[in-house]
Each structure stands twice: as structure tokens, then as C-alpha cells.
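Okay, everyone, thanks for squeezing me in. Let me put my structure up on the screen and then walk you through it.

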Amino acid sequence: LRNKGILSVVYAALAILAYIALRFDTKFAPGAIVAMVHDIIIVLGYYLLTRREFNLTSVAVVLTIVGYSVNDTIVIYDRIREDMQKMKGMDLASLINLAINETLSRTILTGTTSMLAVTGLLIFGVGQIWDFAMAMIIGILVGTYSSIYIASPTTIWLEEVFAKRGGQAPKPPAAA
């Protein structure tokens with residue numbers, strides 16, 4: 001069951017990435033991939049460092065964190081897409097900065113609310129519930145900051161790399 005659960009995480013991640021590539025411009029998908037893999041590695045690292053048992057509950061945590069992280073990333077990417085249509089001619093880095101600033105309060109409030117709910121499980125839970133809650137708290141923290149500090153900057157970095165390889169300065173994004 002654990003192995004099938006791990007495969008389900010991989011399949012869910014691939015489906016989410018396909019959705020991002022189709023829904024948004026394909027230049028956004030690598031940032032979401034990097035952020036999602038980062039989040040998974042950090043949560044799995046928690047299990048490795050603490051030597052907690054990795055079981056089906058752990059797979060549920062990883063799936064939940066993947067969904068949580070991708071949701072935050074999609075909110076920011078959606079705002080970037082909206083701002084691309086409103087502010088044509090603005091460079092990608094400025095658009096991403098604007099979108100992050102516009103969604104920052106929502107991101108912080110969502111993370112805080114989720115943390116409050118899981119903190120109750122951490123305080124009153126024992127055994128697998130405590131393990132679940134602790135991994136979720138780590139995942140929520142990591143998922144929140146990766147949406148802001150990993151996914152979007154990766155998109156900017158890749159845009160600059162491709163522009164340098166093409167021998168030109170980064171172009172302002174075209175309207176979606």
C-alpha cells in the first residue's frame with residue numbers, strides 16, 4: 001500500500017504539472033515543478049531526520065502538501081496572468097513582484113489559518129496524529145514560502161537564461 005501511495009503522489013504531481021502547463025504559459029510550469037519538488041523533499045527530510053515511520057498517513061501528508069503548495073503557486077500565477085493583461089509592456093520580474101505583493105496577505109492568512117487548525121491536532125494528538133500534524137506544519141510553512149520565494153523567482157531566472165542564450169535582453173511578456 002505504501003508503494004502504491006508513493007506512486008499516487010507521483011501521478012498526482014504529474015497531473016498537476018500538466019494542468020499548470022496547459023492552464024498557464026509553459027514558462028510557469030518549471031517554477032511550479034521546482035517548488036513542488038522542494039516541498040516534497042523537505043517533508044520527506046523531516047521523516048528522515050526524525051526517523052518517524054513513513055506509512056500511508058505520511059503519504060497523505062505529502063499529497064496534502066503537494067496540493068497546498070500548488071494551490072498557493074496557482075494563485076500567484078493567476079494574478080501574474082491577470083496583471084500581464086492589464087499592464088502590457090511591464091517586464092516579467094516587475095509583474096511577478098506586483099503579483100506577489102497583491103497576493104501576499106491572502107497567502108499569509110491562508111497559511112496562518114491552516115496552521116491554527118493543525119496546531120490543535122499537534123497539541124492534542126498522539127501517535128500517528130501527532131506525526132501527521134507535525135509534518136503538516138512543516139509542509140504548510142515550506143509550501144507557503146516556496147510559492148513566493150522559489151516558484152516565481154525560478155520563472156524569472158529561466159526567462160533570463162533563455163534570453164541570454166538567445167543573445168537578447170528579456171522581453172516583456174505578451175498578453176495571454
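So, the surface to begin with: the chain exposes about 9500 Å², and carbon and sulfur atoms supply 67% of that area. Keep in mind that this is a predicted model, so there's no experiment behind what you see.

What about the inside? Of the 176 residues in the chain, 41% count as buried. If you lay the C-alpha trace along its principal axes, you get a span of about 55 × 30 × 25 Å.

Now, what is the chain built from? Five helices and zero strands. Reading from the N terminus, you just get α-α-α-α-α. And look at the contacts: among those with a separation of 6 or more, 73% are between residues 24 or more positions apart.

Let's zoom in on helix 4, which covers residues 92-124. That's 33 residues, and from the first C-alpha to the last, helix 4 reaches 46 Å. At 1.5 Å a residue you'd expect 48 Å, so the two values are close. Still, helix 4 does bend, by about 45 degrees, and the spot is Thr103. Thr103 also turns up among the buried residues of helix 4, along with others including Leu95, Ile100, Gly111 and Met115. Which helices help cover those buried residues? Helix 3, residues 56-86, and helix 5, residues 128-165, are included in the cover.

Since helix 3 just came up, here's one residue from it: Ser58. Buried or exposed? Ser58 has 2% relative accessibility, and the cut-off for buried is under 20%, so Ser58 counts as buried. Leaving out residues up to four places away in sequence, Ser58 touches Tyr47 and Glu53.

For the opposite case, go to helix 1, residues 2-23, where you'll find Tyr11. Why does Tyr11 count as exposed? Because its relative accessibility is 54%, and exposed means over 50%. Tyr11 has company out there, too: together with Ile6, Leu7, Val10 and Leu14, Tyr11 makes a nonpolar surface patch of about 480 Å².

So if you want two residues to find on the screen afterwards, try Ser58, buried at 2%, and Tyr11, exposed at 54%. That's it from me, and I'm happy to take questions.

Technical notes: Residues numbered from 1 in each chain as written. Predicted model: local features only at pLDDT ≥ 70, side-chain atom pairs only at ≥ 80, totals over all residues. Heavy atoms only, no water. Helix = DSSP H or I, 4+ residues; strand = E, 2+ residues; numbered from the N terminus. Bend = angle between axes of the 7 residues up to and from the residue. Buried < 20%, exposed > 50% of the residue type's maximum accessible area, 1.4 Å probe, protein only. Contact = heavy atoms within 4.5 Å. Patch = residues over 30% accessible without salt bridge, like charges linked within 9 Å, V, L, I, M, F, W, Y side chains within 5 Å. Areas by Shrake-Rupley, 256 points an atom, 1.4 Å probe, with all protein chains shown as cover. Salt bridge = Lys/Arg side-chain N within 4 Å of Asp/Glu carboxyl O.
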